[in-house]
Amino acid sequence: PDTAFKIGRAFATSVARETRKVQPAIITARDGRQSSPYLAESLIAGMKASGANVTDLAVGPSPMCYFG
């Protein structure tokens with residue numbers, strides 16, 4: 001989970017720089033794997049720590065999560 005937090009923070013920081021927005025909007029989703037809720041929670045926490053406005057779509061089919 002600590003790694004997911006760091007990845008989320010880095011991703012949101014990158015999106016903020018690229019979009020030149022202090023609070024970029026990011027949408028997340030996860031698949032049905034057992035580890036997904038814990039990883040998503042940490043990832044989202046990292047994004048929010050960087051100021052992102054995160055919308056979590058919760059569980060979705062794997063193709064949507066990967067390529068949506």
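**A nonpolar surface patch and the overall fold**

On the surface of the protein, I27, L57 and M64 form a nonpolar patch, and the accessible area of these residues together comes to about 300 Å². The model in which this patch is found is a predicted one. Of the residues in the patch, L57 lies in strand β2, which covers residues 53-59. L57 has a relative accessible area of 48%, and it is therefore classed as partly exposed, the class that lies between buried, under 20%, and exposed, over 50%.

With regard to the fold as a whole, the secondary structure of the protein consists of three helices and two strands, and these elements follow one another along the sequence in the pattern α-β-α-β-α. The radius of gyration of the protein is 12 Å, close to the 11 Å that the globule rule gives for 68 residues, so the protein is as compact as a globular protein of that length. The C-alpha trace, taken along its principal axes, spans about 35 × 25 × 15 Å.

The contacts within the protein were examined by sequence separation: among those with a separation of 6 or more, 78% are accounted for by residues 24 or more positions apart. As for burial, 28% of the 68 residues in the protein are buried. The area that the protein exposes comes to about 4800 Å², of which 57% is supplied by carbon and sulfur atoms.

Terms used: Residues numbered from 1 in each chain as written. Predicted model: local features only at pLDDT ≥ 70, side-chain atom pairs only at ≥ 80, totals over all residues. Heavy atoms only, no water. Patch = residues over 30% accessible without salt bridge, like charges linked within 9 Å, V, L, I, M, F, W, Y side chains within 5 Å. Areas by Shrake-Rupley, 256 points an atom, 1.4 Å probe, with all protein chains shown as cover. Salt bridge = Lys/Arg side-chain N within 4 Å of Asp/Glu carboxyl O. Helix = DSSP H or I, 4+ residues; strand = E, 2+ residues; numbered from the N terminus. Buried < 20%, exposed > 50% of the residue type's maximum accessible area, 1.4 Å probe, protein only. Rg over C-alpha atoms; globule rule 2.2 N^0.38 Å. Contact = heavy atoms within 4.5 Å.
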